[in-house]
Each structure stands twice: as C-alpha cells, then as structure tokens.
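Welcome! Please take a moment to look over the sequence and the 3D view before reading on.

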Amino acid sequence: FGSSRRPAPPEPSSAPSPASQPALGSARGMSLVSPYQVQGKWQHSSGGDIEVTVDSTGKSVVILHPTVGKQTMDVSKFCQGEGLDYYGFKGKLEGNKITWNNGVAWTKIS
C-alpha cells in the first residue's frame, strides 16, 4: 500500500513541453506535396513525355503516361505526405525532378 501513495516526481522545468516542439515535417524543412506542384509535362528518363493534370474538382490527378496510357487517381492516393505514390512506386519530388524507387526519373519540361 505504501508504494501507491508515493507522489509523482516533479517535472523538470528545463524540459520543453511537447506542444512547443516543431512538427517533424517543419523541423526537416519538408512540406506536403501538392498535386499542383506535380501538374505539367515531364520527360521520362527512358523516353517519352508524361502529362499530369489536376481535374476541375481538385480531387483527382489525370496522368498521361507513354507506356501505361491515361489514368485518373485520387489526389489522396497519389500525393502521400511528402512523397508520391504511383501504383505502388514511391516518388520523391525535388525541384523539377521526381525520382522513383524503380530507378526512373521524371524531369519537368513545362
């Protein structure tokens, strides 16, 4: 019984509260990918052009791919936080280039 009546140790005053710490995303200087950042024409590293457009609702992206054809995806599926997901392939947008985890790169041309 004695142990359950012991007071909790005081909080150290030097420890920052969790609310005062920046979110992980802002601490690394990263931001969420917007479909409008990806919209435009891209050159595929293996040849051919890809066109990405955002539909009028802003909820879907339409991707015209040289080998796969035209596909419409929900923005929430394509834009995955700080990265992109194109049917299981993970992409990272850096400036005017998207690098995919299968070794392919898309470079923005317009």
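This briefing goes from the overall layout to the strands, the core, one loop residue and the charged pairs.

This is a predicted model, in which local features need pLDDT of at least 70 and side-chain atom pairs count only at pLDDT 80 or more, while totals for chains, interfaces and linings use all residues. Residues are numbered from 1 along each chain as its sequence is written, and side-chain values use heavy atoms, with hydrogens and water left out.

**Overall layout**

- The chain holds three helices and nine strands; helices (H or I, at least four residues) and strands (E, at least two) are DSSP runs, numbered from the N terminus.
- Following the sequence, these elements come in the order α-α-β-β-β-β-α-β-β-β-β-β.
- The chain has 110 residues, and 27% of them count as buried; buried means under 20% relative accessible area, exposed means over 50%, and partly exposed lies in between (1.4 Å probe, protein chains only).
- About 7600 Å² of the chain is exposed, with carbon and sulfur atoms supplying 54% of it; these areas come from the Shrake-Rupley method with a 1.4 Å probe, and for residues only the protein chains shown count as cover.
- Among contacts with a separation of 6 or more, 34% are between residues 24 or more positions apart; a contact means heavy atoms within 4.5 Å.

**Strands side by side**

- Two strands pair if DSSP finds at least two bridges between them.
- Strand E6 (83-86) pairs with strand E7 (residues 89-94) in the antiparallel sense over three bridges, and Leu-84 has Gly-91 in E7 as its bridge partner.
- Two residues separate E6 and E7 in their hairpin, where Tyr-87 in the turn has a positive phi of about 50 degrees.
- E7 also pairs with E8 in the antiparallel sense, over four bridges, and here the bridge partner of Gly-91 is Trp-100.
- The hairpin of E7 and E8 has two residues between the strands, and Gly-95 in the turn shows a positive phi of about 65 degrees.
- E8 and E9 are antiparallel partners over three bridges, with Thr-99 matched to Ala-105 in E9.
- Four residues lie between E8 and E9 in their hairpin, and Gly-103 in the turn has a positive phi of about 90 degrees.
- Strand E1 (residues 40-44) pairs with E9 in the antiparallel sense over three bridges, and Trp-42 stands opposite Lys-108 in E9.

**The nonpolar core**

- In soluble globular proteins, nonpolar side chains tend to be buried together.
- A nonpolar core is a set of buried Ala, Val, Leu, Ile, Met, Phe, Trp, Tyr and Cys residues joined through side-chain atoms within 4.5 Å.
- The largest such core has 19 residues, of which Val-38, Ile-63, Phe-78 and Trp-106 touch the most other members.
- Elements that each supply at least two residues of this core include strand E2 (49-54), strand E3 (60-65) and helix H3 (75-78), and E2 gives the largest share, three residues.
- Beyond four places in sequence, Ile-63 touches ten residues' worth of surroundings that include Val-52, Gln-71, Phe-78 and Trp-106.- Gln-71, in strand E4 (residues 69-74), counts as buried at 16% relative accessibility.
- The side chains of Gln-71 and Tyr-86 are joined by a polar contact of 2.7 Å; such a contact is a pair of N or O atoms within 3.5 Å, where within protein one must be able to donate a hydrogen and the other to accept it, and residues adjacent in sequence count only if both atoms are side-chain atoms.

**A buried loop residue**

- Val-104 sits in the loop between E8 and strand E9 (105-108) and is buried, with a relative accessible area of 14%.
- Val-104 and Ser-45 are 59 residues apart along the chain, yet their C-alpha atoms are separated by 5.9 Å.
- Leaving aside neighbours within four places in sequence, Val-104 is in contact with His-44, Ser-45, Ile-98 and Thr-99.

**Charged pairs**

- Side chains of opposite charge can pair when their charged atoms come close.
- A salt bridge is a side-chain nitrogen of Lys or Arg within 4 Å of a carboxyl oxygen of Asp or Glu, and the count comes to three salt bridges.
- Asp-85 and Lys-90 form one of them, with the closest N and O atoms 2.4 Å apart; Asp-85 is buried at 13%, whereas Lys-90 is partly exposed at 43%.
- Asp-74 and Lys-77 meet in a salt bridge of 3.7 Å, N to O, and Asp-74 is partly exposed at 37% relative accessibility.
- Glu-94 and Lys-92 also meet in a salt bridge (3.7 Å, N to O); Glu-94 is partly exposed at 47%, and Lys-92 is partly exposed at 41%.
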